[in-house]
Amino acid sequence: MVAIDPGLADTEALTTAYDLPLAASANCVVISGRRDGQERVAACVVAADTRADVNNLAKRRLDVRKASFHPMDRAVAETGMEYGGITPIGLPDGWRLFVDERLLAQEQAIIGSGLRR
């Protein structure tokens, strides 16, 4: 984790301050669901100019009947990161990671630092 200027912790503030296109930034959201009594958790990294498709694509990839955003208190406790700053680097063992294909085509993508300070 890397400390950052808290005034630039939000995606919009960061991209404005450094004159970056919103599509150059990525957000990481944590989702979860259950199948056969087993909880399944994944982090989804999506371009900042789009939304995570939790109810369709993420649910199918996680192979659960219903997926939702992982409870904030658990996401923070389980990752050791601050809510709104969760990054795909350093996720707990066993968590799956889904990355939007469009981000893979980019040379660079700015992601959270794990902290908002």
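Asp36 is a good place to start in this predicted model: with a relative accessible area of 77%, this residue is exposed, because anything over 50% counts that way. Asp36 sits in the loop between β1 and β2. Take a look at its backbone, too: phi of Asp36 is near 55°, which is a positive value in a residue other than glycine.

From there, let us move along the chain to helix α2, which spans residues 54–62. Which residues of this helix are buried? They are Val54, Ala58 and Leu62. Viewed down the axis of α2, the buried residues fall within an arc of 45°, so they line one face of the helix. And what covers them? The cover of the buried residues of α2 includes four strands: β1 (26–35), β2 (38–47), β3 (67–69) and β4 (96–99). Two of these, β1 and β2, are the strands on either side of the loop that holds Asp36, which brings us back to our starting point.

Now step just past the end of α2, where Asp63 takes a positive phi of about 60°. Asp63 lies in the loop between α2 and β3, and β3 is itself among the elements that cover the buried residues of the helix. Here again the positive phi, near 60°, belongs to a residue other than glycine. Is Asp63 buried, exposed or partly exposed? Its relative accessibility is 37%, so Asp63 counts as partly exposed. That value falls between the cut-offs of 20% for buried and 50% for exposed.

Definitions and conventions
Residues numbered from 1 in each chain as written. Predicted model: local features only at pLDDT ≥ 70, side-chain atom pairs only at ≥ 80, totals over all residues. Heavy atoms only, no water. Buried < 20%, exposed > 50% of the residue type's maximum accessible area, 1.4 Å probe, protein only. Helix = DSSP H or I, 4+ residues; strand = E, 2+ residues; numbered from the N terminus. Arc of directions from axis to C-beta. Contact = heavy atoms within 4.5 Å.
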